[in-house]
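Please read the following report alongside the sequence and the 3D structure. It begins with one residue and its surroundings, then turns to confidence, a pocket and aromatic pairs.

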Amino acid sequence: MANPNPSRRWMRFLSICAGLTGVTAVLAADPMPYSLTLAPTGNARIDQAVTDSSQLAGLREEAPVGPFALIARAEADAARFDDVLRSFGYYDASIQVRIAGLATRDPTLLPMLENLPSAPPVAVSVQIDPGPLYQLGVVRLDGPVPEAARAAFHLKPGEPARAADVLAAGAAVLRALREEGFALATLPPPDAVVDHDTRTMDVVYLADPGPRLSLGTVSVHGLDRLREDYVLRRLGLTPGEPYSPSRLEAARQDLLAGGVLAWARLTPDTKPDAQDQLPLTLEVAERPPRVLRFAGAYSTDEGASLSTSWIHRNLFGRAEQLTVKGEIGHLIESAPEDLSYLANVSLRIPDLWLRNLDLRLDLGGVKESLDAYDREAVTAGAALERRFSAGLSASAGLAFQRSRIVQDGTARNYQLLSLPLTLTYDTTDNPLDPHRGLRLGSQVTPTQVLEGDGSGFLVARVAGSTYLDLTQGLTGNLFAGLTRAGAADSDAQEADSGSQSGRSILAGRFALGSIVGAGPEAVPPDWRFYSGGGGSVRGYPFQSIGPETASGSPAGGDGLLEMALEWRQRFGANWGAVAFSDAGMVSENGIPGTGALAVGVGLGVRYYTPIGPVRVDVATPLNPDDGDSPVQLYIGIGQAF
């Protein structure tokens, strides 16, 4: 069936982007099996869109029909294919759908089909010649549009007359108008004129910005335990500030970040109030206030550990979070007296005096038996945490620790008062499985010993990790080199590359630490630096890298350097593999990087779940000490860093 080709056609632009669905009449007749051949056009994106829109393809097995309905289905598909091609800028296509070698309009087709046996299936073929690519002719944006919003109108004469590009230009203008405060701006679909003689399409948009508005009051619906004053403060919107959709979305995300709400929808009204401000409606649903979590991990150097935590997300009605956590470590191979125990209670009070200023209170106890030392301690602390932006935060606190530590057979009691100061910057996209971004954290902790000679020291540590998604970069460069001949094919390959985002990740980590003001022997053993194990240098036993005591146990040091590089490759829907190399050293002179470097390498497997990847790593040390195992195994949840 050839597509008609009048010399000039006027049409509303909506007809260019007409829906690709339709209704096919089905008569009471015996189903007629058929095979379908869709000849490729040479443009992968068009071929995929044609296949997706085709009822001949989509309903061939699910809804078989008789001869008359088959012809009707084929003719309806021809109209859909024409709409598809127009959306890509091809307005003079030739579309031929044949059944048993005959055109659908052939009067002999129906009688022939009615007399055919049910086997073999009748052959249906589709041949499409897109024809010439039409270009934009006159493009115009009419109406009193401010210059900032008018700059978003990116259509230019001579560009391909693709429907998606034309619609995107209108959407960009509408977004820009609303960002400028024109909350009720309208931009109807454009008038479009296709001229087949010149193979061009003229496009004219007519915008109505309406009045520039500011925000009005916010009415909240759906609250249960959560108090409205907290919600409005957390939202941070002030009546009278300029209307901006991005500002509203940022406020909504800030509200959800508190962890109390399952979802929130912020909707502006359709007309201003008596003060010419635009009222807002906030609809919310609260999450269950209590949650119980369990976690476990295993490594050949530290054994198994189990932990549980109970969290109340909204203790007093203003998103106060109470967390009670317990952990048992060194399971399986350890005697009961060698098990490690940890208990901690934490209360976080958000937006204490200022928005984004939180108070955190902690009380904890620990008993652990490690190769480096045995420790029993009680800790208490308070800290103020300030978020300056989505990725930047800082905290300042006061902490007290009372402990009894035994190292190399010598026991000593400590009472310490410290002032931990931290600064963190995080732009990663996922806490358990980041694909891109940067994490930086630094901590400076002046510490005073409250007994004995009253000496003091300062612990400084900076750590960072970065993540690079190589999928789009490497694949895109490869596709660019292979598809110079066709821009449409290049677009298709880029789209396919984007769908594979996050499957090849290069991750790197570093850590530097130094203790000044006292030598390692004057610093409590649990405050010194250690390296080795699943959280630092895989392949080496926990805390084994660095100086040793007279008995050969880890002594710890006052200088730390660690580095790691990891390649993460995902395959299939849920599986992945990693290859990694870790390195680290601990020194005794307070200068990072002056100890003996230990290097470990290994491979790992990942199984991706909705709560994060399950991690299994196997590592070996390249320069082990005598007695070190040649292989270490680590199992946990989340990436190694």
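Leaving aside residues up to four places away in sequence, L255 touches V231, R234, L235, L261, A264, L282 and V284, where a contact means heavy atoms within 4.5 Å. L255 sits in helix α9; helices (H or I, at least four residues) and strands (E, at least two) are DSSP runs numbered from the N terminus. With a relative accessibility of 2%, L255 counts as buried; buried means under 20% relative accessible area, exposed over 50%, and partly exposed in between, with a 1.4 Å probe and protein chains only. From C-alpha to C-alpha, L255 and L235 are 5.5 Å apart in space, and they are 20 residues apart in sequence.

L282, one of the residues that L255 touches, can also be set against G222. The C-alpha atoms of G222 and L282 are 8.6 Å apart, with the two positions 60 residues apart in sequence. G222 belongs to the loop between β9 (214–221) and α8, and at 48% relative accessible area G222 is partly exposed.

**Basis and confidence**

The model is predicted, so local features need pLDDT of at least 70 and side-chain atom pairs count only at pLDDT 80 or more, while totals for chains, interfaces and linings use all residues. Residues are numbered from 1 along each chain as its sequence is written, and side-chain values use heavy atoms, with hydrogens and water left out.

pLDDT is the predictor's confidence in each residue, from 0 to 100. The chain has a mean pLDDT of 88, and 90% of its residues reach 70 or more. Confidence is lowest in strand β1 (residues 8–12), at a mean of 36, and highest in strand β20 (residues 421–426), at 97. Over residues 1–28 pLDDT stays under 50, and the model has 69 contacts beyond four places in sequence for them. Residues 474–498 also stay under 50, with 21 such contacts. Where pLDDT is low, the predicted coordinates should not be read in detail.

**The second largest pocket**

On a 1 Å grid over the protein atoms alone, a pocket is an open set of points where a 1.4 Å probe fits, with protein on both sides within 12 Å along at least five of seven lines; lining residues have an atom within 4 Å of a point. The second largest pocket holds about 590 Å³ of space. Its lining has 24 residues, and A257, G258, N356, D358 and R387 are the closest to its centre. At least two lining residues come from each of α8 (228–235), α9 (245–257), β17 (374–387), β18 (392–407) and β20. By class, the lining has 7 nonpolar, 10 polar and 7 charged residues.

**Aromatic pairs**

Rings of Phe, Tyr and Trp (its six-membered ring) pair if their centres lie within 6.5 Å; planes under 30 degrees apart count as stacked, over 60 as edge-to-face and the rest as tilted. The count by this rule is 6 aromatic pairs, including the two below.

| Pair | Ring centres | Planes | Class |
|---|---|---|---|
| F153 and Y205 | 6.0 Å apart | 85 degrees | edge-to-face |
| Y467 and F641 | 6.5 Å apart | 35 degrees | tilted |

F153 lies in the loop between α6 (147–150) and α7 (163–179), and Y205, 52 residues apart from it, lies in strand β8 (residues 200–206). F153 is buried at 11% relative accessible area, and Y205 is buried at 3%.

Y467 is in strand β22 (residues 456–469) and F641 in the segment after β28 (632–637), 174 residues apart. Y467 is buried, with a relative accessible area of 3%; F641 counts as buried at 11%.

Notes
Grid points are joined across faces, edges and corners, and a volume is the space filled by probe spheres set on the points. Ala, Val, Leu, Ile, Met, Phe, Trp, Tyr, Cys and Pro count as nonpolar, Asp, Glu, Lys and Arg as charged, and the others, Gly among them, as polar.
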